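Visitor: Got a minute to walk me through this one? I'd like to go through the strands and then a few residues.
Guide: Sure, let's pull it up.

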Amino acid sequence: MMETNAAVPNPVAAAPAVDGQGAAAPATTASHERIDQFRSEISRLEVKVPEDKGERTWLIAGVVLLVVGGIVIFGGYWGASGTAKVNEQLPYLLSGGLLGLGLMVAGAALFVRYSMSRFLRFWLIRDIYEQRAQADRIVESMSSVEDLLRAATRPRPKGD
Amino acid sequence: MSDYFIEGLDEPAELSGAPVLELSGVCAAYGRIEVLHGVDLAVGAGEVFALLGPNGAGKSTTLNVCAGLVPATAGAVRFAGRRLNGFAPDKLARLGVCLIPEGRGVFPNLTVAENLHMMTYAGVSRSDVEAKAYERFPRLRERRTQVAGTLSGGEQQMLSMARSLTTDPALLLLDELSMGLAPLIVEELYGVVKQIASEGISIVLVEQFARAVLGVADRAGIMLHGRVQKIGAPSELEEQLSAAYLGG
């Protein structure tokens, strides 16, 4: 049987392996100073990935701001509706209405920015994929045309 | 055409205790010809993993993908749990991923010492580089002023390994270490490989002629047609090697 390692949670464990053998690395109990250093350097790397935690955080922040903005506006309306005096309604209008509106605009901007970027990324990849597939089809057709032309222009052996 | 994938959209791996090197579903192509069709393997800390297979199976391409020289068109290449697809080879080398290519890659017109001096780019002094190399391979000290192109195949391989080891690698990728060498020299070099592994360095050995390497490896995999077909203990694979090579 292949060795398995509880200390090495291996995402490749599910990888296809023949004869019931996975691809997991074996147990490592010895101290590996260089490997530890390697691991720490790798973990400190700043790798730019399209969908990192920051992106999702901003998306959630946008939704939260939208909701908070709505609550603030409702609070402003609630406060203003409790009095008939315009001078008493003004603070509610300013702090509730404008602040709430500002929060909602900021939240909507964040939400659109980060949800659209994800959508556009998929769209871009899809577009590239389609273009390449199209280019492959064109090249394939041209190759077959080329083969046909070659066959047609090939000099026939004498006696035919 | 291979499937396109979007970097970073899959789940991040657990970093602590993750394999030093891990390939999952890795595909790679030269132009329009795909040569790796979903390679899966994992190498732990201080492990010697032998990747075996006949000519054209995709072993060297797998190593080149690991070293960042050939981009993976699909799948994930992870180092210590972090997906680093498309990472530049020089950055990987600086991190400690070291490839010794097939054909050794020594500078034939430079002397042994000058070849070693090429590795001082990482800020190590010439004397340190030489001391490290000669400590492991005393024979190179005797050949210090000899032009590398005139060394024997085994000595060139020693020089190549010595040069790589002076960079303090964490992961050593060895492509066809035994190619064109006498069995005694190969045995000597495998002894060095064992010693390196005992120091905690992870090693991936790619070999076409397999029997000898199985004595050194902790685990081995058989690669055929761009996929790792079998992974297991060397003793298990030894029985299946002939069948694998002959397509049985």
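Visitor: Okay, which residue in S4(B) does Ser24(B) stand opposite?
Guide: That's Ala76(B). Bear in mind that we're looking at a predicted model.

Visitor: And how do S1(B) and S4 of chain B pair, parallel or antiparallel?
Guide: Antiparallel, over six bridges. S4 covers residues 72–79 of chain B.

Visitor: What about S1(B) and S2(B), how many bridges there?
Guide: Eight, and those two strands run antiparallel. One of the pairs puts Tyr30(B) with Ile33(B) in S2(B).

Visitor: How many residues sit between the strands in that hairpin of S1(B) and S2(B)?
Guide: Two residues. Gly31(B) in that hairpin has a positive phi, near 65°.

Visitor: Is S1 of chain B mostly covered or mostly open?
Guide: Mostly covered: of its 10 residues, seven are buried.

Visitor: So what's the strand order in the whole sheet of chain B?
Guide: S2-S1-S4-S5, four strands in an open sheet with antiparallel pairing. S2 and S5 of chain B are at the edges with a single partner strand each, so each has one side without a neighbour in the sheet.

Visitor: What joins S5(B) to S4(B)?
Guide: Two bridges, again with the strands running antiparallel. Phe79(B) has Arg82(B) in S5(B) as its bridge partner.

Visitor: Which strands does H1(B) touch?
Guide: H1(B) packs on the sheet and touches S1, S2 and S4 of chain B. The direction of H1(B) makes about 70° with that of S2(B).

Visitor: Switching to single residues: why does Arg78(B) count as buried?
Guide: Because Arg78(B) has 24 C-beta neighbours inside 10 Å, and the cut-off for buried is 20 or more. Arg78(B) belongs to strand S4 of chain B.

Visitor: How far is Arg78(B) from Val20(B) in space?
Guide: 7.9 Å, C-alpha to C-alpha, although they're 58 residues apart in sequence.

Visitor: Last one, Ala67(B). Where is Ala67(B) found?
Guide: In the loop between helix H1 and S4 of chain B. Ala67(B) counts as buried because there are 21 C-beta neighbours inside 10 Å.

Visitor: Leaving out residues up to four places away in sequence, what does Ala67(B) touch?
Guide: Pro89(B), Leu92(B), Val97(B), Leu99(B) and Leu173(B). As for Lys91(B), which is 24 residues away along the chain, its C-alpha is separated from that of Ala67(B) by 9.7 Å.

Technical notes
Residues are numbered from 1 along each chain as its sequence is written. Chains are lettered from A and ligands numbered from 1 in the order in which they are written. This is a predicted model: local features need pLDDT of at least 70, side-chain atom pairs count only at pLDDT 80 or more; totals for chains, interfaces and linings use all residues. A residue is buried if 20 or more other C-beta atoms lie within 10 Å of its own, exposed if 12 or fewer, and partly exposed in between; C-beta atoms are placed from the backbone. Two strands pair if DSSP finds at least two bridges between them. Two residues are in contact if their C-beta atoms, placed from the backbone, lie within 7 Å. Axes are lines fitted to C-alpha atoms, for helices over the stretch in contact, and angles run from 0 to 180 degrees between N-to-C directions.
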